[in-house]
Amino acid sequence: MSDSPSTVVLCGASGYIGGYLRRSYEDRGIRVRTIGRGTSSDATWSDHRSVVEVLDGSDVVVNLAGRSVSCRYNKKNADEIMSSRIQTTAQLGRAIADVENTPRLWVNASTGTIYRDSRDRPMDERSGDMGSGFSVEVARAWERELFDADVAIRKVALRMSIVLGAGGGAINPIIDLARVGLGGTMGDGGQIFSWVHVADVARVLDHLYDNTDLSGPVNVATPFPVTNEEMMQQVRSTLGRNHGLPTPAWLLLFGARMIRTEAELVLKSRWVDPKVLIDSGFEFHYPKLSSALANIASETPRGLLPVALG
């Protein structure tokens, strides 16, 4: 990278991806300031002035704040999922408007779930079809809050696919199933599993900062997605399991209720095409799932395989 930031502001640094990014930046000597809800953060969402002060003079702000979507979408949880994303993004916009020395770049998390369930073709930033349902409504409102913010700053909505890495765990139930012998196909197994290694998420942020012509929605997923059947086969192989019983859709729907999550997280076909990144010359360090899983297994005690939802 030809031009590294000296100061990065991270919102949502206590989460898995935020924690990884913080360590990545600090290991390279880049100063990290944080905005969060707890007193351990440099600024808190409840204190507008502290947010302004933390943002002032920084080079880039990365907002990952938002309640986990790995839960049942009842009214209480749904309201928290929506408000935790919209309110923090709106607060950032108001704070940036009051900053004297504004950051060069505002990267706000979004999700590849914004696209429709797709098995017929990949969804890129320009030609992808928007989906429907609660998750899509959240993503669209999230991005609208970002792009409607009246501030003179380059903005990117990071449409992340499933983020894989050692030490995280928003969809660990998939891994648990494989470890106890239920690591077969989920549903009919034909749904597309778009993913990205957390190390490549960090590299994408560097790429976005360095390439000042990039703005708007950016898909973050490797160009080599796999089907659910292929994904589960590779997970079993990495865990040393030769066989795994399949989990039909009806059982996933029932099981999701039991563990208080949504079957959509594994049944929806997410085919996310990273066209903007590829066209701008970005190269993934972990383009293939086999190498990503091998890396994760090598860095995880006893070969366990935690995964995080992006």
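**Salt bridges, sheet and cores of the predicted model**

In this predicted model, a network of salt bridges links R116, D120, R121 and D129. Within this group, the side chains of D120 and R116 meet in a salt bridge with an N to O distance of 3.1 Å. D120 is exposed, with a relative accessible area of 54%, whereas R116, at 23%, is partly exposed. The count of salt bridges in the model comes to nine.

Two further salt bridges are formed within helices. In helix 6, R203 and D200 are three residues apart and are therefore separated by about one helical turn, and their side chains meet in a salt bridge of 2.8 Å, N to O. The two partners differ in their burial class, since D200 is buried with a relative accessible area of 0%, while R203 is partly exposed with a value of 32%. In helix 10, which comprises residues 275–279, K275 and D279 are four residues apart, again a separation of about one helical turn, and the closest N and O atoms of their salt bridge are 3.0 Å apart. Here K275 counts as partly exposed at 36% relative accessibility, and D279 counts as exposed at 56%.

The sheet is open and consists of seven strands in the order 3-2-1-4-5-6-10, with parallel pairing. Its edges are formed by strand 3 (43–44) and strand 10, each of which pairs on one side only. At one of these edges, strand 3 is joined in parallel to strand 2 (residues 31–36) by two bridges, and A43 of strand 3 is the bridge partner of I35. Strand 2 is in turn joined to strand 1 by five bridges, the two strands running parallel, and I35 in strand 2 stands opposite C11.

On the other side of strand 1 in the sheet order lies strand 4, and these two strands pair in the parallel sense over four bridges, with L10 standing opposite V62 of strand 4. Strand 4 also pairs with strand 5 in the parallel sense over four bridges, and in this pairing the bridge partner of V60 is L105 in strand 5.

Burial of the strands was examined next. Five of the five residues of strand 1 are buried, so that this strand is largely enclosed by the rest of the structure. In a regular strand, side chains alternate between the two faces of the sheet. In strand 1, T7, V9 and C11 lie on one side and V8 and L10 on the other, and because all of them are buried, under 20% relative accessible area, both faces of the strand are covered. A comparable arrangement is found in strand 4, from which V60 and V62 point one way and V61 and N63 the other way, all of them being buried. In strand 5, the position of W106 is likewise buried, with a relative accessible area of 0%. W106 is separated from G93 by 13 residues in sequence and by 9.6 Å in space, C-alpha to C-alpha.

The largest nonpolar core contains 36 residues, of which L21, V62, L158, M160 and L208 touch the most other members. Two or more residues are given to this core by each of several elements, namely strand 1 (7–11), helix 1 (16–27), strand 4 (60–63), strand 5 (105–111), helix 4 (134–148), strand 6 (154–160), helix 6 (198–210) and strand 10 (216–220). The greatest contribution comes from helix 6, which gives seven residues. Another core, of 21 residues, lies apart from the largest one and includes C11, W45, A95 and I153.

Two loop positions complete the description. S161 is placed in the loop between strand 6 and strand 7 (162–164) and counts as buried at 3% relative accessibility; a polar atom of the S161 side chain lies 2.8 Å from the backbone oxygen of V220. By contrast, L182, which lies in the loop between helix 5 (172–179) and strand 8 (192–193), is partly exposed, with a relative accessible area of 32%. Together with V180 and L245, L182 makes a nonpolar surface patch of about 280 Å².

Technical notes
Residues numbered from 1 in each chain as written. Predicted model: local features only at pLDDT ≥ 70, side-chain atom pairs only at ≥ 80, totals over all residues. Heavy atoms only, no water. Core = buried A, V, L, I, M, F, W, Y, C linked by side-chain atoms within 4.5 Å. Buried < 20%, exposed > 50% of the residue type's maximum accessible area, 1.4 Å probe, protein only. Patch = residues over 30% accessible without salt bridge, like charges linked within 9 Å, V, L, I, M, F, W, Y side chains within 5 Å. Areas by Shrake-Rupley, 256 points an atom, 1.4 Å probe, with all protein chains shown as cover. Salt bridge = Lys/Arg side-chain N within 4 Å of Asp/Glu carboxyl O. Pairing = 2+ DSSP bridges. Polar contact = N/O pair within 3.5 Å; in protein donor to acceptor, adjacent residues only side chain to side chain.
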